[in-house]
Structures are given as C-alpha cells and as structure tokens.
Amino acid sequence: MVARNHIVNNLVAAYLRLHPEKQRDPEDLRNLEISNQYMSDQPVRPRRRPREWSPDDESDDDGEVVWDDDDVDEELDPSRCSQCPPGRASDGYQCAEQNPVHVFCMACMSRMPDRTDRQRTLQHCSFCQQTYCDLYFNATRGFGCSTPGGRRALKSLQEYEFHAVPPTAFHDNVHEQQILREYVGELLPSLNAVWLTGLDRIRAGLYMLQCSPHGVDARRGNVASEVDRGPSEQASGSAVSPRSSAESTPQPAANPVTLFGFTPVAADTIACTTCATRLFCEICYLYREDIDPEALPTAVRSRPDCWYGRECRTQSHNVMHAQRLNHVCPRTRF
Ligand SMILES: [Zn+2]
Ligand SMILES: [Zn+2]
Ligand SMILES: [Zn+2]
Ligand SMILES: [Zn+2]
C-alpha cells in the first residue's frame, strides 16, 4: 500500500471543507482504497499507449504516457525471469514455480536464476561476487547481456589484455609507473607481455595470488624450481613483500592456505574488469620486482629504499619523494 502523504492529505481536507460539492462519492472512495494495494515489489512502470494517427492532428506529442499496474500482457511478469516456468535454460534448468530466487545483472538489471551449481561461476566475478548476465545467458539462452556495458563484463583472466599501466599501479606512484613503461618500451613487444608473463608465472606456481573484494595477497612459489627465469633475474633476489611470509616455507613450497574471504587466482578464473585490473597492478609490481637491477637505468637502481616500501602513502602524492626513493621493496619500518 502506498503511504499517505500528510501534507497533501491536509491540503485536500481543507479544500474539501471549502468545496464540499467536490467530494467523491463513498462508492468511488472504497474502490480507490482497494486499488491502492500493491501485491508486488516492482515499481509500476509507465507505458506508452500507441497513438492513432489522424491526418489533421498537428500535435507533436508522440504518445500518451499511461500508468499501468496490471501489465500482464507484457512479455514477462517482472518478478520472473526468462528461465522461470514455462521458460527453461538450454541446459534444462528451470526456476522454482513458487518463490523463485534470482540475482540481477549489474549492467542491464535483468533477472537470472540464482544458480548454485557449476553455472554459478558464469554469473559472478570470482573475487568480488558482482553479478553479470552476459556469460551466463550466452551459455544458457544463446544471447548475452542487452546493454553494451554488460557485454564481456565477465571473462577469464587469460582473455583480458592490458595496454596501459593502470593509474592505481604501484600505489598510485606515477614515477614507478613510468619506470616500468620505459623498461617495457625498450625491451618488450608491449605492456601486455607483462600480463602474459604474470599469467605464465601463476600457471607455473611462481606467483601465488589470492584476491578478495578489498585486496590482493601475493606470495611466491618455489623459487628454487624456477626454470623460466634467467640467471640474472634469479640473482636479483626475490625481494618479497612482508605479507609474503610463506616464502620461507620449507621446500617444496605448498600452495598457501586460502585466506578467509579470498579466492585463489588461476589464469582461467572468471573475473570482472575491476578485479582483473587489480590483479594486473599486482603483477606489474611483482614483474618489476623481478627485473634484474642491471637492466634498469643507474638513476633508478641507485636510489635508497623507502622505509615504508610499497606501502608508503607519500609516494602517491609527493613526486619528489617518489623519484628520490625506491618503493619497489617491502616495508621495513612499522
Ligand atoms: Zn527465474
Ligand atoms: Zn570483480
Ligand atoms: Zn545484463
Ligand atoms: Zn616512501
């Protein structure tokens, strides 16, 4: 039921005291009270009523808006999805007849069943759990999200490509971003090679990442078994962030225990763009940490480490500080 607005109600009452002849008749009022009951949570949508064309009509109004609350003739009951009975997903799944449970696409806001089986991975970002319909409806309906912004909103990590250093990489440190950009410009075919190398190192167990909606946990795998890193890179030593205490685990390095609220990262894990970008930022850091210092300009490698290392907050807004000190190092002062 729509709640009464007391201000409007008082104005109406005052008006009717002055003009009693305008009062609705009791039968009319009773009917209005009955139709003021809404059985669904869905907002009542205005619908355009097609206008009949007449040759002498010069109005440029293109249709009359009608508030319509018993819209049953429209394609779909708004509380149901295309896979509610009698509809069905192409894999045979059907929503419950009574009280079906749905999730919403963040891009087009359409409903889809809240799948609890394997298909669930097609509906959610594995890390932040945001829901998008594109992958799921492509697999179970034959066509994906109806909005351009929702298409390819979820992809496996290995389908992403990155051609720019994200502004949030290196804790927003534009100087370190530039150092990586210059290194890549001279030695690699494109920045995306950093991403592809990172994914290879994840596949090989050299980078062990876990991701939650709020952060990325990075650890290194069994350094001794690294086969795809050149001797010079190994000589650089795997300076690891202080979070990566598992580095000293006795060999062979086991996969770290999954942290609460975190999901392990694999090259084929399905993710939204935001989470994939956060992982790319972490890979930029790890990749940069693995670069042999000899391959970096003297001005870069001769800088002393900042005590706060990669966690330093000054690096994001103080360019002089960011240039003077190295921030691709763990925090040493707490
Ligand atoms: Zn449904
Ligand atoms: Zn996400
Ligand atoms: Zn959608
Ligand atoms: Zn600093």
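Here is a short chat about a zinc site and some salt bridges in a predicted model. Residues are numbered from 1 along each chain as its sequence is written, and chains are lettered from A and ligands numbered from 1 in the order in which they are written. Local features need pLDDT of at least 70, side-chain atom pairs count only at pLDDT 80 or more, totals for chains, interfaces and linings use all residues, and side-chain values use heavy atoms, with hydrogens and water left out.

Colleague: What makes C125, C128, C272 and C275 donors of the zinc ion (ligand 2)?

Modeller: Donors are N, O and S atoms within 2.8 Å of the metal (3.2 Å for Na, K and Ca); water is not among the atoms, so sites may look incomplete. Each of these residues offers its SG atom at 2.3 Å, so they count as donors.

Colleague: Why is the arrangement around the zinc ion (ligand 2) called tetrahedral?

Modeller: Four donors count as tetrahedral if all angles lie between 85 and 135 degrees. Here the angles run from 105 to 114°, so the label fits.

Colleague: Why does C125 count as buried?

Modeller: Buried means under 20% relative accessible area, exposed over 50%, partly exposed in between (1.4 Å probe, protein chains only). C125 has 0%, so it is buried; C275, at 1%, counts as buried too.

Colleague: How do you know that R219 forms a salt bridge with D217?

Modeller: That term needs a side-chain nitrogen of Lys or Arg within 4 Å of a carboxyl oxygen of Asp or Glu. For R219 and D217 the closest N and O atoms are 2.6 Å apart, so the pair qualifies.

Methods: Tetrahedral: all angles 85-135°; square planar, octahedral: opposite > 155°, others 65-115°.
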